[in-house]
Amino acid sequence: MVGLRQIRQPAATAAATAAATAAATAMQTRLFGNQRPDGRYWRFGDGQTGGGRGGRRAVWQTKGFWYVAGGSTAAGTVYYQAHVEESPTGRRRFINVSHKTEERMGRQSYQQVLREYGGQIVPQGTAVDRYVRRVAQRVIGVVQSEMDADWEIHVIDSPERNAFVLPGGKIFVFSGLLPIAESDDGLATVLAHEIAHQYARHPAEQMSRQTLLTVLLIAASLFVDPSALDLGRITSTLLLELPNSRACESEADRLGLMFMAAACYDPRQAVGFWERMLAEEQRAKSSSFPTASPPQFLSTHPSSRSRIDNIRTWLPDAIDKRASSACPDQLLTDSFFSALRPRVANGPMGWV
């Protein structure tokens, strides 16, 4: 699942990826990584002409191997190109996960989250539940005609500052996020961002990317010693996975800004929300138990400062979007909905 501060995969997907990677390492060690007495690996013979086992030619020196390798590469290239598509913002990405598979993963994750937080789900009908539902339903109304989802909205009583939406439209908001959201517009910023992840099929993109990287590692295992694969995994994480994850987050920020504007929330308040998040991060760093954020290039998310700068760039389009959405007067809606907004008392359960 995709959260505000982290991306959490469906359990079945994470397990499958880990199993495939482990299988790749085991296979290449078993089939092609037989060790010599001197500790070096014997892969496709000893690398000398005619110097394979028993004087046979190394496998990679045969025409058959290169025919198979060339054919597999060509087929893989065709398959990859057939599954490249454009995201809602025009970014090209590889997706080979079907909608049905994505929904099945979402159902599994939904049951897992309910089991994990079942005792902390805020009852329906309470003030905080009604508040979150009201804001969420306005944003959902913008995308509902384009998303085939069975929407469910839950509030989790926890100090964690997080929110996420699972494939299939299952929304979870942690109550610890609400004081930072501070207003309807702040909460809409978060919910629109998370709904945008599902609108753009970012979970399916992430699963597809992990599958592709696993296949590439298996192919590399035919040529590289097992110890070198660890470096390959680190390199793929830094050069492919993390940048793509940040690209998805920025795309969700941009789409979410348009969604909240179309739902008649004030997109300018998104800047204020991320400024509060930035202040909270800086407060945590200066505390007695600092939790400093990693450098942006080592993070799955853009820094809050980068997000603020990007949102300011997109704001003119978002303001135009709101103006074209037949929204009521901002002052009137602020006055009306402020009477419906619950009050924060003492901590997550201080909602009345």
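**Contacts, strands and bridges in the model**

Student: What percentage of the contacts in the protein with a separation of 6 or more is accounted for by residues 24 or more positions apart?

Tutor: The model is predicted: local features need pLDDT of at least 70, side-chain atom pairs count only at pLDDT 80 or more, and totals for chains, interfaces and linings use all residues. Residues are numbered from 1 along each chain as its sequence is written, and side-chain values use heavy atoms, with hydrogens and water left out. A contact means heavy atoms within 4.5 Å. Among contacts with a separation of 6 or more, the share of residues 24 or more positions apart is 69%.

Student: What percentage of the residues in the protein is buried?

Tutor: The protein has eleven helices and eight strands, taken as DSSP runs (helices H or I, at least four residues; strands E, at least two) and numbered from the N terminus. Buried means under 20% relative accessible area, exposed over 50%, and partly exposed in between, with a 1.4 Å probe and protein chains only. Of the 352 residues, the buried portion is 44%.

Student: Which residues of strand S8 are buried on the side opposite Lys-170, Phe-172 and Phe-174?

Tutor: Strand S8 covers residues 170-174, and five of its five residues are buried. In a regular strand, side chains alternate between the two faces of the sheet. With Lys-170, Phe-172 and Phe-174 on one side of S8, the buried residues on the other are Ile-171 and Val-173.

Student: Which residue stands opposite Phe-172 in S8?

Tutor: Two strands pair if DSSP finds at least two bridges between them. Strand S6 (residues 152-156) runs parallel to S8 over five bridges, with Ile-153 partnered by Ile-171. Strand S7 (residues 163-166) is antiparallel to S8 over four bridges. Within that S7 pairing, the residue opposite Phe-172 is Phe-164.

Student: How many residues apart in sequence are the parts tied together by Cys-264 and Cys-327?

Tutor: The structure holds one disulfide, a pair of cysteine sulfur atoms within 2.5 Å. Cys-264 and Cys-327 form the pair, S to S 2.1 Å, and both are buried. Cys-264 lies in the loop between helices H8 and H9, and Cys-327 in the loop between helices H10 and H11, so the sequence separation is 63 residues.

Student: Is Asp-150, the salt-bridge partner of Lys-170, buried or exposed?

Tutor: A salt bridge is a side-chain nitrogen of Lys or Arg within 4 Å of a carboxyl oxygen of Asp or Glu. The closest N and O atoms of Lys-170 and Asp-150 are 3.6 Å apart. Lys-170 counts as buried because its relative accessibility is 10%. Asp-150 has a relative accessible area of 51%, and therefore is exposed.

Student: Which helix holds the partner of Arg-201 in a salt bridge?

Tutor: The side chains of Arg-201 and Glu-102 meet at 2.8 Å, N to O. Both residues are buried: Arg-201 has a relative accessible area of 12% and Glu-102 one of 6%. Arg-201 is in the loop between H6 and H7, while Glu-102, 99 residues apart from Arg-201, is in helix H3.

Student: Which residue joins its side chain to Glu-182 in a polar contact?

Tutor: Glu-182 lies in the loop between helices H5 and H6 and is exposed, with a relative accessible area of 51%. A polar contact is a pair of N or O atoms within 3.5 Å; within protein, one must be able to donate a hydrogen and the other to accept it, and residues adjacent in sequence count only if both atoms are side-chain atoms. At 3.4 Å, the side-chain partner of Glu-182 is Arg-276.
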